[in-house]
Structures are given as C-alpha cells and as structure tokens.
Amino acid sequence: MRGIVSYRLSPFEQKAFAGLFSKGFPNVVRRFRESVFRVAPPFIIGYLVYDQTEKLHSQMMRKNPADFENDK
C-alpha cells in the first residue's frame, strides 16, 4: 500500500438531498415524458376492454320482461 493514496467521504458528511429540486425533479419530469406514451396506451386499452366487458355482462344478466308476461 505504499505510495497509494485514497480519499473517501464519510456517509455522515454527505448531503442526503443535494440537488433534489435542481436536478432530481426535472429528471423525473423528463423520464415521465419519455415513457408515458409507451406505458399508458396498454393500460388505457385494457381499461376500455374491461369497462365494455362489465357493461355487456351486466346487460346480459338482466331478466327479459317478455319471458314473464303470462305469470300470475
């Protein structure tokens, strides 16, 4: 180890939230804008399919009043 010098900063001396608002928030916005058009369409399509399926199912579960016209 002779002649080798290494420097290290203690974790207790680091700033935990350094650059959070100046670099972190813009980075989150940039990453969201880059990936929203890749992630959102499958979820939207899935929701629309689910919603239409639920509506069709509830409609098919209704009783037909014409089947019960002759009941007394």
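# Exercises on a one-helix chain

Of the 72 residues in this protein chain, 0% count as buried. The model you're looking at is a predicted one, so keep that in mind as you work through the exercises.

**Exercise 1.** Work out how many helices and strands the protein chain has, and decide whether the chain is more spread out or less spread out than a compact globule.

*Solution.*
- Step 1: Start with the secondary structure. You should find one helix and zero strands in the protein chain.
- Step 2: Now take the radius of gyration, which is 30 Å for this chain. For 72 residues the globule rule gives 11 Å.
- Step 3: Put the two values side by side. Since 30 Å is well over 11 Å, the chain is more spread out than a compact globule.
- Step 4: Have a look at the C-alpha trace too. Along its principal axes, the trace spans about 105 × 25 × 25 Å.
- Step 5: Finish with the surface. The protein chain exposes about 8000 Å², and carbon and sulfur atoms supply 61% of that area.

**Exercise 2.** Find out which residues pair with Glu 34 and Lys 55 in salt bridges, and say where each pair sits in helix H1.

*Solution.*
- Step 1: Here's the general idea: side chains of opposite charge can pair when their charged atoms come close.
- Step 2: Count the pairs. The structure holds two salt bridges.
- Step 3: Take Glu 34 first. Its partner is Arg 30, with 3.2 Å between the closest N and O atoms. The cut-off for a salt bridge is within 4 Å, so this pair makes it.
- Step 4: Check the spacing. Glu 34 and Arg 30 are four residues apart in helix H1, so about one helical turn separates them.
- Step 5: Go on to Lys 55. Its side chain meets that of Asp 51 in a salt bridge, at 3.4 Å from N to O. Lys 55 and Asp 51 are also four residues apart in helix H1, which means about one helical turn lies between them.
- Step 6: Sort out the exposure. Glu 34 is partly exposed at 47% relative accessible area, and Arg 30 is partly exposed at 42%. Lys 55 is partly exposed at 48%, and so is Asp 51 at 23%.

**Exercise 3.** Say where Tyr 50 sits, whether Tyr 50 is buried or exposed, and which nonpolar patch includes Tyr 50.

*Solution.*
- Step 1: Locate the residue. Tyr 50 belongs to helix H1, which covers residues 20–60.
- Step 2: Read off its relative accessible area, 51%. Exposed means over 50%, so Tyr 50 counts as exposed.
- Step 3: Look around it. Together with Ile 44, Tyr 47 and Leu 48, Tyr 50 forms a nonpolar patch on the surface. The accessible area of these residues together is about 460 Å².

**Exercise 4.** For Tyr 7 and Ala 16, find the segment each sits in and decide whether each is buried or exposed. Then give the distances to Pro 65 and Val 28.

*Solution.*
- Step 1: Place them both. Tyr 7 is in the segment before H1, and Ala 16 is found there as well.
- Step 2: Check accessibility. Tyr 7 has 77% relative accessibility, so it counts as exposed. Ala 16, at 69%, counts as exposed too.
- Step 3: Get the distances, C-alpha to C-alpha. Tyr 7 and Pro 65 are 58 residues apart in sequence and 84 Å apart in space. For Ala 16 and Val 28, you get twelve residues in sequence and 18 Å in space.

How values were computed:
Residues are numbered from 1 along each chain as its sequence is written. This is a predicted model: local features need pLDDT of at least 70, side-chain atom pairs count only at pLDDT 80 or more; totals for chains, interfaces and linings use all residues. Side-chain values use heavy atoms; hydrogens and water are left out. Patches are made of residues with over 30% relative accessible area and no salt bridge: like charges are joined within 9 Å, nonpolar side chains (Val, Leu, Ile, Met, Phe, Trp, Tyr) within 5 Å. Accessible areas come from the Shrake-Rupley method with a 1.4 Å probe; for residues, only the protein chains shown count as cover. Helices (H or I, at least four residues) and strands (E, at least two) are DSSP runs, numbered from the N terminus. Buried means under 20% relative accessible area, exposed over 50%, partly exposed in between (1.4 Å probe, protein chains only). The radius of gyration is taken over C-alpha atoms; the globule rule is 2.2 Å times the number of residues to the power 0.38.
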